[in-house]
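Thanks, everyone. I'll keep this short and go through the packing piece by piece. Here is the chain.

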Amino acid sequence: MPGTEEAAAQIRAAEDRRYAAMLAADAGTLAGLLSDDLVYTHTSGVRDTKQALLSKISGGSLVYVRLEHSVGQVIVLGDAGLVIGELRADIVSDGHPRRLANSVLAVWAAQDGGWRLAAFQPTPLPS
């Protein structure tokens with residue numbers, strides 16, 4: 001297990017790769033970054049598994065048009081990492097454009113020799 005600072009840097013890099021893959025609709029890269037046990041919650045409250053999220057992205061029912069994310073804090077707790085930040089995005093969900101402004105919590109787990117996203121939870125920011 002890497003040291004705390006090294007683990008935090010690895011998690012930040014994985015977060016950057018995840019957002020780039022989502023924007024590029026690169027389901028192959030994204031699949032390697034997601035835990036098989038992923039619980040991905042959308043702003044609407046709908047929860048997806050890894051396969052459901054990948055299907056939405058690769059099938060075009062979820063399109064990320066613009067993604068801006070900022071990481072406020074990375075907390076490493078042994079084999080888990082918490083990323084606390086903000087996400088602003090323009091998406092198209094089932095043909096409907098939406099603008100998102102969320103506080104986000106991403107939970108990363110040390111699995112299979114790397115960091116995998118295990119859970120994602122957005123909360124709309126106050127207007």
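First, a term. By a polar contact I mean a pair of N or O atoms within 3.5 Å, where, within protein, one must be able to donate a hydrogen and the other to accept it. Keep in mind as well that this is a predicted model.

With that term in hand, take N102. It sits in strand β5, residues 96-111. The side chains of N102 and T43 are joined by a polar contact of 2.9 Å. Is N102 buried or exposed? The cut-off for buried is under 20% relative accessible area. N102 has 1% relative accessibility, so it counts as buried. What surrounds N102? Setting aside residues up to four places away in sequence, it touches T43, G85, E86, L87, P122, T123, P124 and L125.

A second polar residue is D90. This one lies in strand β4. Its relative accessible area is 17%, so D90 is buried too. Here the side-chain partner is R66, through a polar contact of 2.9 Å. Beyond four places in sequence, D90 is in contact with V63, Y64, V65, R66, R98 and R99. A119 is 29 residues from D90 along the chain, and their C-alpha atoms are 21 Å apart.

Now the nonpolar side. The largest nonpolar core has 32 residues. Which residues have the most contacts inside it? They are Y40, Y64, W108, L117 and F120. Elements giving two or more residues to this core are α1, α2, β1, α3, β3, β4, β5 and β6. The biggest share comes from α1, with 7 residues.

Stay with α1 for a moment. It covers residues 4-23, and A14 is in it. A14 is at 0% relative accessibility, so it counts as buried. Outside its neighbours within four places in sequence, A14 is in contact with L33 and W108. P122 is 108 residues away along the chain, with 18 Å between its C-alpha atom and that of A14.

Next, the rings. The count of aromatic pairs comes to 1. That pair is Y40 and F120, stacked, 4.7 Å centre to centre, with 15° between the planes. Why does this pair matter for the chain's layout? Y40 lies in strand β1 and F120 in strand β6, residues 114-124, so the pair ties together parts that are 80 residues apart in sequence. Both partners are buried. F120 has further contacts beyond four places in sequence, among them R18, Y19, L87 and V104. R18 and Y19 have an arrangement of their own: R18 lies over the face of Y19, at 4.4 Å from the ring centre.

Last, helix α3, residues 50-59. Its buried residues are K50, L53, L54 and I57. Looking down the axis of α3, these fall within an arc of 95°, so they line one face of the helix. On the other side, Q51 and G59 are exposed. What covers the buried residues? The cover includes α2 (27-33), β1 (34-41), β2 (47-48) and β3 (62-77). Just after α3 comes G60, with a positive phi of about 85°.

To recap. N102 and T43 share a polar contact of 2.9 Å. D90 and R66 are likewise joined by a polar contact of 2.9 Å. Y40 and F120 are stacked. The buried residues of α3 line one face of the helix. That's it from me; I'm happy to take questions.

Notes. Residues are numbered from 1 along each chain as its sequence is written. This is a predicted model: local features need pLDDT of at least 70, side-chain atom pairs count only at pLDDT 80 or more; totals for chains, interfaces and linings use all residues. Side-chain values use heavy atoms; hydrogens and water are left out. Helices (H or I, at least four residues) and strands (E, at least two) are DSSP runs, numbered from the N terminus. Buried means under 20% relative accessible area, exposed over 50%, partly exposed in between (1.4 Å probe, protein chains only). Contact means heavy atoms within 4.5 Å. The arc is that of the directions from the helix axis to the C-beta atoms. Rings of Phe, Tyr and Trp (its six-membered ring) pair if their centres lie within 6.5 Å; planes under 30 degrees apart count as stacked, over 60 as edge-to-face and the rest as tilted. A charge sits over a ring if NZ of Lys or CZ of Arg is within 6 Å of the ring centre and within 35 degrees of the ring normal. A nonpolar core is a set of buried Ala, Val, Leu, Ile, Met, Phe, Trp, Tyr and Cys residues joined through side-chain atoms within 4.5 Å.
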